[in-house]
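Here's a quick walk through a few local features worth a look. Have the viewer open and follow along.

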Amino acid sequence: MQLGVGVRGGCEAAVHATRRFIANMPVDWVVAKLDYSNAFNSLHRDKMLAAVHSYIPQLDSFCRLAYEQPSVLRYGERQILSSEGVQQGDPLGPLLFSLTLHPLLSALKSDLRFGYLDDVTLGGIEALVEEDVRMLKIESPKIGLSLNIDKCELICMQIKSKSPILSTFMHQLPFEANLLGAPLLTGSSMNVALNKHCTNLERAIGRLKLISAHDALTILRHSLSAPKLNYMLRASPCAGHASLSTFDQLLRKAICGIVNLELTDDNWSQASLPVQFGGLGIRSVTSLAPSAFLASAAGTSVLQEAILPPLYIFTDDAVNQVQVLWSSLSGSDILTGLSSHSQKCWDDRVSLRTHSELSQKIQDIQNRARLLSASAPHSGDWLNALPISACGLRLDDEAVRVAIGLRLGSSLCEPHTCVCSVKVNRHWHTWTCL
């Protein structure tokens, strides 16, 4: 029931299971998302220590040493005694919070019931969900927690709930809903989330031009491109969404602006491949999305079945649709077994086909040799090196431009020319730089 501590893939499993639940639930069922006010700082420490003593007595002495007496917080010359909640930054904090909340989660009766730390999700017949909410509203203050009704959400097809408590929740239709930061279904919620990522990337492109090309490429690859979207790609069925193509176009624009090269369609196809296949490692999210989603769905399938109520059948049409899309991109059969849990195994099939299609398109021997050499072992090690000047690992802008142009077979256009001026001792000095 508690997916926030010690459960591998718990966050993604929660989103997948809830998505399947909502897609198959009857019209009169509901899903409630409950929010606690300032939960970690409000937990009663005596209840927390009692939970530790009951569930994990081996940690009892250590936790009492840390929490039995009030902690002294200093603000300037003032001292504040902290006697509630877990300490910020405590590695045991999530575990201690979950142990204290666990008896309340175990008492829930809804068909769908789980917690991700202080985020509790309930689903099923409206009467049962309402009963569980009433119980939590009464029992939570005994351990120091209180429901923030203004931030609780109700996901259902009905316009208005008949329950006095649930009717005060924020109402959302299934295609408008998010859970743990991921859109549940295709619709307005997914459109807003992906458009926001596109807007943020577009803003970052202009700023990347202000720093060195090597630094900008490293930041783009490891922070602003596919890694920024990876959680959403894995948890939400956004494969094939139009905004992913927009995101890819922005990535292509970013590379062109950073290294001052014009990329053809074939150049971009190669650049978006992993480094081991001759690319730059700045992945195309359009081709990566099916692999990420299928790997997450397969890797958490057992956990999803444990979360979902056993008396009902919850089909997953989204997985079936994405499998068809992945097969068209990879030209391979659907993966099974442990390999289906690995995003890399899914993605390598797509990347290998893209690499093969590029190789078949190239007619002249020189360019074919270039593509093969770019895919050779260790040929892309410089792309994996962090740009550290003290270690001699930072390349200047022109070296980056030439290296990428030769790797992708792009025509090395002339560098931008600009005129710079500076005033020194009341005299202006002007020069031209490339």
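## Helix H4 and a few odd spots

On one side of H4, Ser61, Phe62 and Leu65 are exposed (over 50% relative accessible area, 1.4 Å probe, protein chains only). This is a predicted model, where local features need pLDDT of at least 70, side-chain atom pairs count only at pLDDT 80 or more, and totals for chains, interfaces and linings use all residues. Numbering starts from 1 along each chain as its sequence is written, and side-chain values use heavy atoms, leaving out hydrogens and water.

Helix H4 (residues 60-67; helices are DSSP runs of H or I, at least four residues, and strands are E runs of at least two, numbered from the N terminus) has Asp60, Cys63 and Tyr67 as its buried residues (under 20% relative accessible area). Down the axis of H4, these fall within an arc of 70 degrees (taken from the directions from the helix axis to the C-beta atoms), so they line one face of the helix. That fits the usual pattern: an α-helix has 3.6 residues a turn, so residues three or four places apart point the same way. The cover over the buried residues of H4 includes helix H3 (45-55) and helix H5 (93-106).

Now for two residues with positive phi, neither of them a glycine:

| Residue | Phi | Loop between | Relative accessibility |
|---|---|---|---|
| Asparagine 260 | near 60 degrees | H10 (242-259) and H11 (265-271) | 13%, buried |
| Histidine 378 | about 70 degrees | H16 (365-374) and H17 (381-384) | 65%, exposed |

Finally, leucine 73 sits in strand E2 (residues 71-75). At 38% relative accessibility, leucine 73 counts as partly exposed (between the buried and exposed cut-offs).

Definitions and conventions
Contact means heavy atoms within 4.5 Å.
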